[in-house]
Amino acid sequence: MAIEILMPALSPTMEEGTLAKWNVKEGDTVSSGDVIAEIETDKATMEFEAVDEGVVGKILIAEGTEGVKVNTPIAVMLEEGESADDIKVSTPGGDAPATDKAIAEAATPAVATSAPAKDDAAPAPASPKKDGERIFASPLARRIAAQKGLDLTAISGSGPKGRIVKADVENATAAPKADAPAAAKADAPKAAPAAAVASGPSTEAVLKMYEGTDYEEVKLDGMRKTIAARLTEAKQSVPHFYLRRDIELDELLAFRSQLNAKLGDRGVKLSVNDFIIKACALALQQVPEANAVWAGDRTLKFKKSDVAVAVAIEGGLFTPVLKDSDSKSLSALSAEMKDLAKRARDRKLAPHEYQGGSFAISNLGMFGIDNFDAIINPPHSAILAVGAGVKKPVVDAEGQIKAATVMSVTLSVDHRVIDGALGANLLNAIKENLENPIAMLA
């Protein structure tokens, strides 16, 4: 039976994407692992590989099409011995021969709603293996097996080359799969659909309000829509509170100059931001109870410090994550941050490079901002907003007034995970690390 190729979910938050380019055409033979298309998500343009082998029988979604919902059929692949006349497109009433109307309806992205997707629209599970060998099954067969709790390794396939197809699974009497470990059963927190997030007046109301006014409409791309939805959700659902401190930077600036003078021959130039990343990573180790995230009905406490750093790009931002930041040297963090920032601006980051972490940093000091309050990026439990370092009069320990370079920072905290005293301890640890930079190398 013909195999539907569905719009993939290339990240946990992806709901729709742009089919940027087809790398195959109708009639082409493809193998598992071949790059058949390029999909533009809200974050990046990514290659989409074929899961199955066969012949491209029909392309349902033209390249350049925007707003294609995840799990929408985008093409149909023929198996060995099939022809284009055998193509079927899934419809609410079951499999039916494809017609121009059926194909058009299947290719039309569904209207977004706040209702959960039906079970039969879920992504197909990965192909299982038996004795180390991959079990070949159609995506539809894998989804039905997952819904019925059947073990594909115990089912015989009647399709070409023993492939398991829909009929095999529907007629199967195989034993259900073993229970998954308790940890795997835990419900992961899910982002609310964009349509479910209240975001002010409707488009029609706003257009009516400004009727007769001279303006230019700017179309929202996927990144802007995602940022709007997620930050609205974060501000509405995460109980923020804010902690502020002034941090003296003179000792850090002097130490940084010394290090850069010695590391120059190696092409290393440390920034203040590199020290801030290291200081935050160490603080999460010094106050381990704060190195956690909210997970619906529990918190997840981490052993390592994975720190995300906001990087501004045209039309939005990325938050690439520096894994195990507590155990990396300043020069290693500096090189990794430069690489991640460059690829973020080129939109070349892979999902695993901007997902995860428990803590984030947003530095607007380079833009001359003295201080600001940042919005937490769920599921992170805190974000440090960093302002510019400016010369100010301060009173030293002996009661004398002196000039010092002072940086104002604000820690936005999720009160569900971190209480006031714990948040204060975390911010104090960050301050202590930055004001005693040599100790961070110990």
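The legends below describe close-up views of a predicted model.

**View 1. Strand β4 pairs with β2 and with β5.**
Strand β4 covers residues 35–40 and runs antiparallel to strand β2, residues 16–22, with four bridges joining the two. One position in this pairing is given by L19, whose bridge partner in β4 is I39. Strand β4 is also joined to strand β5, residues 45–49, by five bridges, and this pair is antiparallel as well. Here V35 stands opposite E49 of β5. The strands β4 and β5 make up a hairpin, and four residues lie between them.

**View 2. F255 and F275 form an aromatic pair.**
Two aromatic pairs are found in a search of the whole structure. In one of them, F255 and F275 meet edge-to-face, with 6.3 Å from centre to centre and 70 degrees between the planes. F255 belongs to helix α7 (residues 250–263) and F275 to helix α8 (residues 272–286), so the pair ties together parts that are 20 residues apart in sequence. F255 has a relative accessibility of 10% and counts as buried, because the limit for burial is under 20%. F275 is buried too, at a relative accessible area of 0%.

**View 3. F275 sits in the largest nonpolar core.**
The largest nonpolar core has 56 residues, and the members that touch the most others are F275, F359, L384, L411, L426 and L434. Helix α8 supplies the largest share of this core, nine residues. A second core, separate from this one, has 27 residues, among them I3, M7, V76 and M77. In soluble globular proteins, nonpolar side chains tend to be buried together. With neighbours within four places in sequence left aside, the contacts of F275 are L252, F255, R256, L259, L270, L330, L434, P437 and M440.

**View 4. Helix α8 is mostly covered.**
Of the 15 residues in α8, twelve are buried. The buried residues of α8 include N273, D274, K278 and C280. Also buried in this helix are F275, I276, I277, A279, A281, L282, A283 and L284. The length of α8 can be checked against its residue count: at 1.5 Å a residue, taken times one less than the number of residues, the 15 residues should span 21 Å. The end C-alpha atoms of α8 are 21 Å apart, which agrees with that value.

**View 5. H240 makes polar contacts with the backbone of V238 and I376.**
H240 is located in strand β13, residues 240–248. Its relative accessibility is 17%, so H240 counts as buried under the 20% limit. The side chain of H240 reaches the backbone oxygen of V238 at a distance of 2.8 Å. A polar atom of the H240 side chain also lies 3.1 Å from the backbone nitrogen of I376. Not counting residues up to four places away in sequence, H240 touches A234, K235, A374, I375, I376, S412 and V413. I376 is thus listed both among the residues touched by H240 and as a polar partner of its side chain.

**View 6. R343 lies in helix α9, and R347 in the loop after that helix and before β20.**
Helix α9 spans residues 330–345 and contains R343. R343 has a relative accessibility of 22% and counts as partly exposed, because this value is not under the 20% limit for burial and not over 50%. Leaving aside neighbours within four places in sequence, R343 is in contact with K348, L349 and E353. The C-alpha atoms of R343 and P320 are 9.7 Å apart in space, while the two residues are 23 residues apart in sequence. R347 is placed in the loop between α9 and β20. Although R347 is not a glycine, its phi is positive, at about 55 degrees. The relative accessible area of R347 is 22%, and R347 is partly exposed.

**View 7. Two loops carry backbone features at P379 and N71.**
The peptide bond from P378 to P379 is cis, and its omega is near 5 degrees. P379 is found in the loop between β20 (359–363) and β21 (382–395). In another loop, between β7 (65–69) and β8 (73–78), lies N71. The phi of N71 is near 75 degrees, a positive value in a residue other than glycine.

Definitions and conventions: Residues numbered from 1 in each chain as written. Predicted model: local features only at pLDDT ≥ 70, side-chain atom pairs only at ≥ 80, totals over all residues. Heavy atoms only, no water. Pairing = 2+ DSSP bridges. Phe/Tyr/Trp six-rings, centres within 6.5 Å; stacked < 30°, edge-to-face > 60°. Buried < 20%, exposed > 50% of the residue type's maximum accessible area, 1.4 Å probe, protein only. Core = buried A, V, L, I, M, F, W, Y, C linked by side-chain atoms within 4.5 Å. Contact = heavy atoms within 4.5 Å. Polar contact = N/O pair within 3.5 Å; in protein donor to acceptor, adjacent residues only side chain to side chain.
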